[in-house]
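Biologist: Could you pick one part of this model and take me through it slowly? I'd like a close look at the loops and then at whatever sits around them.

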Amino acid sequence: MSFADVAAQAGADPEAFWLEAAKGLDWAKFPTTPHDGGSDTWFPDGELNTCYNAVDRHVAAGRGDATALIYESPITGRAATYSFAELQDHVARTAGMIAARGVAKGDRVIIYMPMVPEAVFAMLACARLGAVHSVVFGGFAAPELAKRIDDCQPSLVLSASCGFEPGRTIAYKPLLDHALELAAHKPAGGAIIFQREELAADLMAGRDLDWASAYEAAQPVDCVNVASADPLYILYTSGTTGTPKGVVRDNGGHATVLHWSMSTIYGMETGETYWAASDIGWVVGHSYIVYGPLLKGCATLLFEGKPIGTPDAGIFWNLIGRHQVKVLFTAPTAIRAIRRADPDGAFIDQASLSSLTALFLAGERADPDTLLWIAGKLDRPVIDHWWQTELGWPAIATCFGLGETEIRVGSAGHAVPGYRFNVKNDVGDDVPAGTVGNLLIEQPLPPGAFRSLWNNPERFQAGFVDFPGHYTTGDAGMIDADGFIHIMGRTDDIINVAGHRLSTGQMEEVVANHPKVVECAVVGAADELKGEMPVGFAVTRPGTEDLDAVLQELKVSIRSDIGPIASPRTIYFVDGLPKTRSGKILRNLLRDILNGADIVVPQTIEDASVISVIEQVVKG
Ligand code: COA
Ligand code: AMP
């Protein structure tokens, strides 16, 4: 069926459409009701196990020998391949290992691990038991991990002794120890630590277990069926405050749409190899390193490395050739980094890319220059698509698998079947085609999209109150006359640094905590490589002299309180911050000054503060 036919079907009768899509899974109890409008729940009476669908059912169907997981770690020199039968063994035994520490259906498990196969086994093992995993990205510092431990109250933490960044080893265990000290909640099952050869961690007697020994002693366990609406995972993402939002993902809706999206959006068939070059700590990693490809019976590539420097800018193309990757998904930053290191695309020319049919980009704005460069080099469709942690799967895309081929540079594509977008102005009126406004999605959201935030129903509801009947995405956008949707950027204080979603409000909390800082603002400045970079402005107490020392202290605090991924490009010390008469800091004006845009200074603000900001930025 064509994209237009599928979109028309999904629009005319979404309930029948998604019930049909749900048939792509094996259910313990197939839902009789597609959607309950009262509670806004998809497949309310369905029962299934997500791990069974991602792993066991392929073995049961005679595909046990087919490749499921390919691990490539150029940063350590390791590589491994697991068939579905081998994956099933590992996952069943890992589930036994965590069950032996008391984890059962509904319990939470924090996973703070680098990109190793054991982390994937751990996620699937939780799903197998009906337990709820919460993966925390390794680039987050101990206080961020502690916040997540306190919010989701895990029974157990799974971690590793270390991870690797180019040129350095990141000791995870001291970060975990510090987080467990900071957190009020103490996981009853303690921690299980995967020791890596390169750096062994000290284990705390009575709390920590060695992964290898615990795994050795464990018995495999079977899948536990759960209600479709039961939580599969909690994934924390940045909101506008310093407290992260725990997005809750259900089992049945999520598995249905991910399975469906593999063929319709990405054009993948069972047995083919898919590669999302992201990290399991982000939603892209959850959906398209782990669950999507495995639900479809595809092989998935788990990559512990960087697009450049591990060992060079040819690693993506080299792995595509070696593993016959059909679709690559990455963030535009990765392509910008590759282009900077290999401007003529020499590595691309040398590679054998016959298996590759398309490159998908998401996570941040795909600037047309980068998109056109890589499309020219690869001579294949390069498809920008848009989504968010809250939604869990693409909402705007070119549905390659449904034969959609027209790509409009500057647009992320059309609404994916099942999503209905509107653009409204701030007072809630629809705007004409081609006009920028608040990008909204009509309720009910399709299956897979979030239905709650962990521990925080009020914050969840807040996403639906400004524009009744709609979910406010937080992005500004425009729908053109042909239905192509163009994303213009966030309307709130969230920024995107190298495809990582971060809150400037959270950074401001850290800067404002410095004893010498009176007030501050952090905004995202345009960055050629990372898309955006945080830049701070701070007003210090009168008489503060050694500003260099304050700057260094602030940089250290941001790294140690939030993580190295939030490192600001710089912090300017200014005499005052431009504000409205009501005292609101004019962050847009700060951003415009940084980005060299033509600035319009509202008459109501004090000129001296603007002049001070401009002077500092010009001085560098
Ligand atoms: N654990 C610990 N530290 C981490 C980390 C992790 N998992 N990931 C990143 N960091 C650290 C880095 O080492 C770096 O530290 P430094 O300031 O001491 O050098 C800092 O956080 C910033 O990292 P990053 O933003 O990745 O920048 P980089 O300069 O190291 O690398 C790129 C630049 C473009 C190569 C890199 O950002 C990249 O691969 N981007 C692709 C983005 C992506 O896949 N996004 C996922 C969403 S789809
Ligand atoms: P995350 O929840 O980390 O996936 O971040 C979601 C946010 O990233 C969105 O709200 C957008 O602001 C931004 N984003 C994701 N994909 C795109 C894209 N293709 N183009 C522009 N912005 C994007």
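Modeller: First, a word on labels: helices here are DSSP runs of H or I with at least four residues, strands are runs of E with at least two, and both are numbered from the N terminus. Keep in mind too that this is a predicted model.

With that, let's start at Gln324, which sits in the loop between α11 and β18 (325-330). Its phi is near 50°, a positive value in a residue that isn't glycine. On the other side of α11 there's another loop to look at: Pro311 lies between β17 (299-303) and α11 (315-323). The peptide bond leading from Thr310 into Pro311 is cis, with omega near -5°. A second cis bond runs from Gln443 to Pro444, again with omega near -5°. Pro444 belongs to the loop between β24 (437-442) and α15 (457-465).

Now for ligand 1. There are 21 residues around it, and Glu165, Arg168, Pro307, Lys530 and Arg559 come nearest. Some polar contacts are worth clicking on. From the side chain of Lys306, an N or O atom is 3.1 Å from an oxygen atom of ligand 1. Two backbones get involved as well: Gly138 places a backbone N or O atom 3.3 Å from a nitrogen atom of the ligand, and Ile565 has a backbone N or O atom 3.5 Å from one of its oxygen atoms. On its own, ligand 1 has 930 Å² of accessible area, and the protein covers 81% of that. The elements that give two or more residues to this shell are β10 (168-171) and α12 (332-341). Sorted by class, the shell around ligand 1 has 10 nonpolar, six polar and five charged residues.

What about domains? The assignment gives domain 1 (3-305 + 385-476) and domain 2 (498-619), and each of them supplies at least three residues to the shell around ligand 1. The centres of domain 1 and domain 2, taken over C-alpha atoms, are 34 Å apart. Their contact takes 20 residues from domain 1 and 14 from domain 2. Between them the two domains bury about 1200 Å², with 46% of it on carbon and sulfur atoms. On the domain 1 side, Ser238, Gly242 and Trp282 lose the most area to domain 2, and together they make up 35% of what that side buries.

Last stop, ligand 2. Here the shell has 15 residues, and His385, Thr389, Asp475, Arg490 and Arg501 come nearest. Two of those nearest residues also show up in polar pairs. Thr389 has a polar side-chain atom 2.5 Å from an oxygen atom of ligand 2, while a polar side-chain atom of Arg490 lies 2.7 Å from an oxygen atom of that ligand. Gly363 joins in through its backbone, with a polar atom 3.1 Å from a nitrogen atom of ligand 2. The protein covers 93% of the 490 Å² of accessible area that ligand 2 has on its own. Its shell splits into four nonpolar, five polar and six charged residues.

Methods:
Residues are numbered from 1 along each chain as its sequence is written. Chains are lettered from A and ligands numbered from 1 in the order in which they are written. This is a predicted model: local features need pLDDT of at least 70, side-chain atom pairs count only at pLDDT 80 or more; totals for chains, interfaces and linings use all residues. Side-chain values use heavy atoms; hydrogens and water are left out. A residue is near a molecule or strand if one of its heavy atoms lies within 4 Å of it. A polar contact is a pair of N or O atoms within 3.5 Å; within protein, one must be able to donate a hydrogen and the other to accept it, and residues adjacent in sequence count only if both atoms are side-chain atoms. Accessible areas come from the Shrake-Rupley method with a 1.4 Å probe; for residues, only the protein chains shown count as cover. Ala, Val, Leu, Ile, Met, Phe, Trp, Tyr, Cys and Pro count as nonpolar, Asp, Glu, Lys and Arg as charged, and the others, Gly among them, as polar. Domain bounds come from an automatic or database domain assignment. Contact means heavy atoms within 4.5 Å. Buried area is the accessible area (1.4 Å probe) that two parts lose on being put together, summed over both.
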